Amino acid sequence: MINWFNFSQSFKMSSIKTSEAVPSGSVIKSSLAEVYQALLSGCVSCPESLVIFLEEKIMKIRGNGIHGNESDWPLPVCSIQKISVGSPCGSQVLSSLFEKAHSWCRKRLTKMCFKAWRGYVSTKRETAAERALKMSGAAERHSQRVLRTALHGWATWLQVRRRRQQEAVRKLRRVWNSVHCRAVLQAWHRFAQESRKTKENLKLDTGPCEKRDGSCGVPHMDWKDVVSMLPWKLALKILQYLPVRDLLRCAQVSHSWKAITQMSSLWGKINFSVEKDHVEDSAAVRILQRYRPFVVHLNMRGCSALQWPSFECAAKCRNLLELNISECKAVNDETVRVIVEGCPSLLYLNLSHTAVTDTTIRNLSRCCLSLQYLSLAYCRNFTDRGLQYLTTGKGCHRLVHLDLSGCTQISVDGFRDVAVGCSQLQHFELNDMPTIVDKCVLVMVSRCSSLNAVSFLDTPHLSDTAFKAIAEGCRLQWIRIEGNSQMTDGSWRHLTRNCPGLRFIHVVDCPQLSDASMRSIGSLKNLTSLSVADCRRMSDVGLRYLLEGPPGPKLCSLNLSSCERVGDMSLVRLAQRCSSLRHLDLSYCERLTDTGLECLGLLSSLVSLDLTGTNIQDQGLASLGSIAALRNLSVSKCPWITDAGIEKLCEEARDLESLDLSHCLVLSNQTVKALCCSCRNLLALRVRGCPKMTDMAIQYLTGVSHYLRELDVSGCVHLTERTPKLLQRSCQQLACISMLYCTGIPKQAALLLRPRAQQWEHSRDSVPPWYGYSSEDQLLQPMKMEVQCEGHQETDREQHWGHSCHDDHSRHGDHS
């Protein structure tokens, strides 16, 4: 039995004897590991002298180190539990020591294993990182080598390719030159033959101005008219402005004029609609037969006298691109068939207000492969069945513009066929369609995603659903809406959000449009034209959103007619922001005063201004003269304007071309006198409903205004038969004359102007009550008697009036 107490005391004393002089605590702490290891080894082998054995083991451990391997121990640690101890007390002490020794050894071994594992892992990671770095460097060097090799090969291939291309280009150029020369010679030969045939067909009589090579040179000096003395190109430019009837008359003047009028460029565009009341079938046939190779644009709108021979000749114009036969009573399905079969290159065709049926649409879908513009407005005889041909035929698939205004017979199925057959539509007009509903628009928008312009005038049943679908399915740039009471601010919110490219907006008589809509419209950056007439809920607040937003500096046209809530503050902002404004309509805006209208003088680019029905006075009217670009002005139904205001206006606005003074009851002959002295370029004058105007005013007008083209003297009850005579003698350019309710002008005298004027109106009926006066007004009788008594004196006094006005105009600067 081992006495562990004595053993520990002996071991302690032996250690103290053999060790150096160190503190006891340090000895115990530093020798604890050695004691545990020696204890485990000694208990297994059971030596005779335990102290000596422990000393040997401790010295051996110190020699080998405490971190020696487990293999140096006499027995494995797992065998310690098998040791038997004789004494119970010794067994308990030995058991506790074994447990402590075993736990220490286990912790030591665990710590050693963990350190070894951690070292292994760190070494492996370092090795892997180093290997990855080497691999990335090797891959980069390999890719650079591959790229270098590929670039070298590509450069070599490119050089070879360029050399081959240069050689091929040289060869092709030689071949092309030879082929081109051959083609040019052949084309020149064909052109010469066709020109010879054309001259034979046209039977041109060029007279002495014809050269040997067939070109018209400068006329001989024997001819003394100015046009014959001009170069033929300049004379051609002059004659281009004449209508067809005048060109035919010019051909009868002389040989040189006849040669010029037979030039092909003069007959590329033939417009019979200007002479629709005078053109005859035989004349149209003769012109079309003679110049059919040159006709490209042909307008027969409203020519009710033209019959089958004229349309048959039009069908022989193989080069015809644009044809307008609207409002022609003789047009039917057979007429359209002959035309579309004979003119395969048609791009524009207007059949509005004709009696065409489903057969015409079938012929269009069969022959018109290049048609881009088609108008079937107010054609009530075709049905949905005819529109089905647009989906099955080869033609009309390139339509860009389609006008179906007034075709109330079309149903949803018809619109679906149009959408399927004409999916490339960009401009679609559906005006005067009270039967159209939201479903029709939804069907169109589902297929026609290229729409950028739509027109819905007088379509009261369209609601926000239709406009929301248009906004989401199209990218609109142009929209016209009129007479719609169901469209709310939500529609404009969707339109402005989904169609930021809107440039033209026409919204008339839409009572739901308010300042909220104007706020949405004010966010458009490309808006240039806006019309919100008869939108009575809009006020200065809405205009502020518009004018102070992005559209303000870009606006070119603005229509605020009948917007009763618009005041002077809007005009102030308008003058500050809208520097590009050219057309402005403020008619019937009753809240405007001279204070706001004076600000319009800052709009230097304003060309057209409408102030009808406003409260403008002489002071505001005089301020408009500072607008240098002003050409068209309307101040009709302005009761506060007098002769003095017109005189102040004319002193500065000398470039006026059109002036409307209708229903200004105070104005007299002095207004016309001042106007004619200053405004020599006047083209249109309207003095309808001005009862103080007499023949003297017309004499002032005819003495100077030689360029006058339009005159309205309706309701001027003091005009006599002298007025038509003066106009016939002086105003050679007069094309439109209105003499309604002129009780003093006999019909025979009025008929003197009818052959010259394109639009002529005359009546001797009583003045309507809404004119504000009657033809027998007692207040005007004294003035009439005075004019009749002093007629001869005024005539003598005004004979030289034109010369005096000319001198006065010269002093102020000639603007004519």
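**View 1. A salt bridge inside helix 7.** A salt bridge here is a side-chain nitrogen of Lys or Arg within 4 Å of a carboxyl oxygen of Asp or Glu. In this predicted model, D246 and R249 meet that test, with N and O sitting 3.8 Å apart. Both residues belong to helix 7 (residues 244–250), and they are 3 residues apart, about one turn of the helix. D246 comes out as partly exposed, at 25% relative accessibility. By the same rule, the count of salt bridges comes to 13.

**View 2. E341 and its salt-bridge partners.** Here we look at helix 11 (residues 333–342), home to R337 and E341, which are 4 residues apart, or about one turn of the helix. Their side chains join in a salt bridge, 3.0 Å from N to O. E341 also forms a salt bridge with R366, where the closest N and O atoms are 3.2 Å apart. That second pair links distant parts of the chain: E341 is in helix 11, while R366 is in helix 12 (residues 358–367), 25 residues apart. Bring in E334 and you get one network of E334, R337, E341 and R366, joined by salt bridges that share partners. How accessible are the residues? R337 is partly exposed at 25%, E341 is partly exposed at 36%, and R366 is partly exposed at 46%.

**View 3. Helix 15, tucked in among its neighbours.** Helix 15 (residues 412–421) has 7 of its 10 residues buried, so the rest of the structure largely encloses it. The buried ones are V412, G414, F415, D417, V418, A419 and G421. What do they pack against? Their neighbours are helix 13 (384–387), helix 14 (389–392), strand 6 (401–403), strand 7 (427–429) and helix 16 (438–447).

**View 4. Strand 9 between strands 8 and 10.** Strand 9 (residues 478–482) has two faces: I479 and I481 are on the covered one, and W478, R480 and E482 are on the uncovered one. Strand 8 (residues 453–457) runs parallel to strand 9, with 5 bridges joining them; L457 has E482 as its bridge partner in strand 9. To get from strand 8 to strand 9, the chain passes through helix 17 (residues 464–473), making a right-handed β-α-β crossover. Strand 9 also pairs in the parallel sense with strand 10 (residues 504–508), again over 5 bridges, and R480 has H506 as its bridge partner there. Helix 18 (residues 489–498) completes a right-handed β-α-β unit with strands 9 and 10.

**View 5. Rings that stack.** The whole structure has 7 aromatic pairs. One of them is W267 with Y291, a stacked pair at 4.2 Å centre to centre with 10° between the planes. W267 is in the loop between helix 8 (255–261) and strand 1 (269–271), and Y291 is in helix 9 (residues 281–291), so to speak a link across the chain, 24 residues apart. W267 and Y291 are both buried. W478 and F504 also stack, at 5.1 Å centre to centre and 15° between the planes. W478 belongs to strand 9 and F504 to strand 10, 26 residues apart. W478 is partly exposed at 21% relative accessibility, and F504 is partly exposed at 23%.

**View 6. A ring cluster and a charge over a ring.** Y741, W770 and Y771 make up one aromatic cluster. Elsewhere, the charged end of R519 sits over the ring of Y545, 5.0 Å from the ring centre.

Note on methods. Residues are numbered from 1 along each chain as its sequence is written. This is a predicted model: local features need pLDDT of at least 70, side-chain atom pairs count only at pLDDT 80 or more; totals for chains, interfaces and linings use all residues. Side-chain values use heavy atoms; hydrogens and water are left out. Buried means under 20% relative accessible area, exposed over 50%, partly exposed in between (1.4 Å probe, protein chains only). Contact means heavy atoms within 4.5 Å. Two strands pair if DSSP finds at least two bridges between them. A crossover is right-handed if, with the strands pointing away from the viewer, the path from the first strand over the helix to the second runs clockwise. Rings of Phe, Tyr and Trp (its six-membered ring) pair if their centres lie within 6.5 Å; planes under 30 degrees apart count as stacked, over 60 as edge-to-face and the rest as tilted. A charge sits over a ring if NZ of Lys or CZ of Arg is within 6 Å of the ring centre and within 35 degrees of the ring normal.
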